[in-house]
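Student: Could you take me through one helix of this protein in detail, and then show me how it sits within the whole?

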Amino acid sequence: MAQSTATACLQDIEAFEAELEAAAASMPKVESEKKGFRARLSSLKTKPATGDDEKAVLLLLKGNLLRVLGQEERAELLLRASVDLKASIMEDKYVVPYALYDLAEITFGRGDLPAAADFINRAGSFGGYDWEDPLKVRLRLAADQLKSGGFNVVLEDDESADIPTPHDDADDDED
């Protein structure tokens with residue numbers, strides 16, 4: 001009896017160690033997300049916002065946290081709610097493109113690549129908002145990944161359409 005109890009305790013400890021290792025592996029991503037949340041929260045403290053602005057920001061933050069924690073269904077509901085407030089957001093214009101990017105990550109993660117491409121395209125259509133540059137980098141990386149899978153993703157600042165292909169050069173030589 002004592003032997004089986006000791007074996008069970010040892011198995012519990014090994015399972016717990018495996019959980020700790022998995023959690024430690026995800027820590028860099030969680031830490032980087034926490035930095036973004038702190039920056040967004042500090043902006044709430046420094047400027048007045050309308051009720052819908054605050055609601056949209058809080059929906060975005062909570063949705064993003066839930067996504068990082070792996071609760072995609074709940075996160076998707078909150079992120080979609082923040083996007084739905086688009087027309088009434090007066091100051092915090094970054095909320096909608098960031099929420100759309102998070103929705104793209106969720107749909108990409110579950111294998112719905114057409115929906116992910118649509119969210120990336122929609123997020124890329126926004127401009128002139130706080131923290132635009134970091135999101136544009138993420139959007140570019142996501143668009144390139146989706147393009148390599150055969151999906152049509154065209155961001156507004158997409159300069160790859162202006163780059164001539166080798167075939168285009170051959171056509172120029174014929175003239």
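Tutor: Happy to; here is a close look at helix α4, followed by its setting. This is a predicted model, in which local features need pLDDT of at least 70 and side-chain atom pairs count only at pLDDT 80 or more, while totals for chains, interfaces and linings use all residues. Residues are numbered from 1 along each chain as its sequence is written, and side-chain values use heavy atoms, leaving out hydrogens and water.

Helix α4 covers residues 95-109; helices here are DSSP runs of H or I with at least four residues, numbered from the N terminus. Its 15 residues reach 21 Å from the first C-alpha to the last, close to the expected 21 Å, a span taken as 1.5 Å times one less than the number of residues.

Now for its surroundings. Of the 15 residues of α4, 12 are buried, so the helix is largely enclosed by the rest of the structure. Buried means under 20% relative accessible area with a 1.4 Å probe, counting protein chains only. The buried set runs through Val95, Val96, Pro97, Tyr98, Ala99, Leu100, Tyr101, Asp102, Leu103 and Ala104, and also takes in Ile106 and Thr107. In the protein, by comparison, buried residues make up 31% of the 175 residues. Just after α4, Gly111 adopts a positive phi of about 90°.

As for the wider setting, the protein has seven helices and zero strands, strands being DSSP runs of E with at least two residues. Along the sequence, the pattern reads α-α-α-α-α-α-α.

Methods:
Buried means under 20% relative accessible area, exposed over 50%, partly exposed in between (1.4 Å probe, protein chains only).
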